[in-house]
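Reader: I am new to this structure and should like to understand the reasoning behind the terms used for it. May I put some questions to you?

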Amino acid sequence: MVRNFEILTKNEIIQARAQLKSWFISNQRPLPWRDSPDPYATWLCEIIMQQTRIDQGTRYWQSFIAKWPSFESLATADSEEIMKTWQGLGYYSRARNLHKAAKIVANDWRGDLPTSAKSWQQLPGVGPYTSAAIASICFGDPSAAIDGNALRVLSRWAGIHEPIDKPTGRKPIEKLAGEFLDISDPGMHNQAVMELGALLCTPKAPNCEHCPLNENCKSRVEMVGQTPIAPVKAGKIKVRRVALTFHVIVNENKVLMRQRPSQGIWGGLWEFPSCWIDSESDDLEKNQLPPLNNRQGLHETGPIVEPFEHILSHRKLKVTFQSWRSNAAFHEKDMKWFRWEDARKLPIPRAIEKNWEELENSMPKQQFS
DNA sequence: AAAACGTGGTG
DNA sequence: TCACCAAGTTT
């Protein structure tokens, strides 16, 4: 049964709105993009911060702003350099969509930026949350931006115990978010809700004592350190274990790299030709990607770095590096030979990047170079 | 509607 | 070691 909530009265909502605003004005963090929020900086920030911690994403935002300060400069940037700058942030489709979106803004919109959330959502990588954030912060569009923080804050405040990742829980939260929104300053209000979630209404052990919404919060905990029931989630992701072998194939002073397809894990990044064996799959053969069709001319020179675990959102990888000496320079699809110093400049997964020094040093200097 | 998509931090 | 989470979107 879907709970309807006149749990919070109109007056309670109005009062809470003012208290939240007051709290935000005196307690917000001095984040760099709040200095002068233009649409480009804000859009860039919102894309980077999707599913990302502020302290991790901030470095990337600063790098992008420094290299490409406008939609126009980003639109004409080299896509490989964009991927390299994004390297280590994860969810790499965001980086490809970033470039696509910049081109649309620069070439199609011609600097004539729309002001509504609905319009911004036309850009690839800009969904319901991001479009509302941009439109409200930059143009005062009255759209509620509902991110993970907002879901947590609002579900707790109203005591919604339906799963927030299903319509039964999501819909009442959206309704409440719309009623709660401060139409006199939607941008500030949206940021205030998120800031509250980030600073006080934290996932674990929220600081209810100092919360501006604590008077009528249905999830207020009495004891410090307690965690409310809300938000409830239904979804559970299953993580599969995979044995991943990177084949480090060298020919004279060069190493063979492969560009991964744009879809799927590490889409668009470069790697050492890899072999994936899903231990939970019935069909091992089908899940093995032979790194090379023709292995003639390859001479195995053994494992190089200690095998280690690398966690993705849906995979638990056991990563091994296998080295080979090659007599012939293969030319296979999506593969290319690079000098080590050039290969290092390619956008590569963290699982490889973290071990690069050790990998390069473990390969003996070639006598042919 | 549900699954896929990275990485790093935390308890 | 594990589970959960972080300014979600795409298919």
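Reader: What makes the pairing of Arg350 with a phosphate oxygen of DNA strand B a polar contact?

Author: In this predicted model, an N or O atom in the side chain of Arg350 is 2.6 Å from a phosphate oxygen of DNA strand B. A polar contact requires a pair of N or O atoms within 3.5 Å, so the pair qualifies.

Reader: Which other residues have polar atoms paired with DNA strand B, and at what distance?

Author: A polar backbone atom of Trp266 is 2.6 Å from a phosphate oxygen of the strand. Leu89 has a backbone N or O atom 3.3 Å from a base nitrogen of DNA strand B. That value is also within the cut-off of 3.5 Å, and therefore the Leu89 pair counts as a polar contact.

Reader: Which residues come nearest to DNA strand B, and what part of the strand do the protein's neighbours belong to?

Author: There are 20 residues around DNA strand B, and Arg53, Tyr92, Trp266, His314 and Arg350 come nearest. Of the strand's atoms within 4 Å of the protein, 57% belong to sugar and phosphate. By class, the surface near DNA strand B has eight nonpolar, nine polar and three charged residues.

Reader: How do you know that Asn149 makes a polar contact with DNA strand C?

Author: A phosphate oxygen of DNA strand C lies 2.8 Å from a polar side-chain atom of Asn149. The limit is 3.5 Å, so this pair is a polar contact. Gly127 places a polar backbone atom 2.8 Å from a phosphate oxygen of DNA strand C, while a base nitrogen of that strand lies 3.1 Å from a polar side-chain atom of Trp33.

Reader: Which residues and helices surround DNA strand C?

Author: Gln51, Gly125, Asn149, Arg152 and Lys316 come nearest of the 26 residues around DNA strand C. At least two residues of the surface near this strand come from each of α2, α8 and α9. Its residues divide into 10 nonpolar, seven polar and nine charged. Sugar or phosphate supplies 67% of the atoms of DNA strand C within 4 Å of the protein, and bases supply the rest.

Reader: Why is α2 called oblique to α3?

Author: Helix α2 (residues 39-49) and helix α3 (residues 54-67) pack at an angle of about 140°, with their axes 9 Å apart. Roughly antiparallel applies to angles over 145 degrees and roughly perpendicular to 65 to 115, so α2 is oblique to α3. Their crossing is right-handed.

Reader: Which residues make the contact of α2 with α3?

Author: Residues of α2, including Tyr40, Leu44 and Ile48, meet residues of α3, among them Ile54, Trp61 and Phe64. The residues of this contact comprise 11 nonpolar, two polar and no charged.

Reader: Why are α5 and α6 called oblique to each other?

Author: Helix α5 (residues 79-86) packs against helix α6 (residues 93-109) at an angle of about 140°, and the axes are 10 Å apart. This angle falls between the range of 65 to 115 and the limit of 145 degrees, and therefore α5 and α6 are oblique. Their crossing is right-handed. Ser79, Ile82, Met83 and Trp86 of α5 make the contact with Arg94, Ala95, Arg96, Leu98 and His99 of α6.

Reader: How do you know that the peptide bond from Ala230 to Pro231 is cis?

Author: The omega of that bond is near 0°, and the bond is cis. Pro231 is in the loop between α11 and β1.

Conventions. Residues are numbered from 1 along each chain as its sequence is written. Chains are lettered from A and ligands numbered from 1 in the order in which they are written. This is a predicted model: local features need pLDDT of at least 70, side-chain atom pairs count only at pLDDT 80 or more; totals for chains, interfaces and linings use all residues. Side-chain values use heavy atoms; hydrogens and water are left out. A residue is near a molecule or strand if one of its heavy atoms lies within 4 Å of it. A polar contact is a pair of N or O atoms within 3.5 Å; within protein, one must be able to donate a hydrogen and the other to accept it, and residues adjacent in sequence count only if both atoms are side-chain atoms. Ala, Val, Leu, Ile, Met, Phe, Trp, Tyr, Cys and Pro count as nonpolar, Asp, Glu, Lys and Arg as charged, and the others, Gly among them, as polar. Axes are lines fitted to C-alpha atoms, for helices over the stretch in contact, and angles run from 0 to 180 degrees between N-to-C directions. Helices (H or I, at least four residues) and strands (E, at least two) are DSSP runs, numbered from the N terminus. Angles under 35 degrees count as roughly parallel, over 145 as roughly antiparallel, 65 to 115 as roughly perpendicular and the rest as oblique. A crossing is left-handed if the near helix is turned anticlockwise from the far one by less than a right angle, and right-handed if clockwise. Contact means heavy atoms within 4.5 Å.
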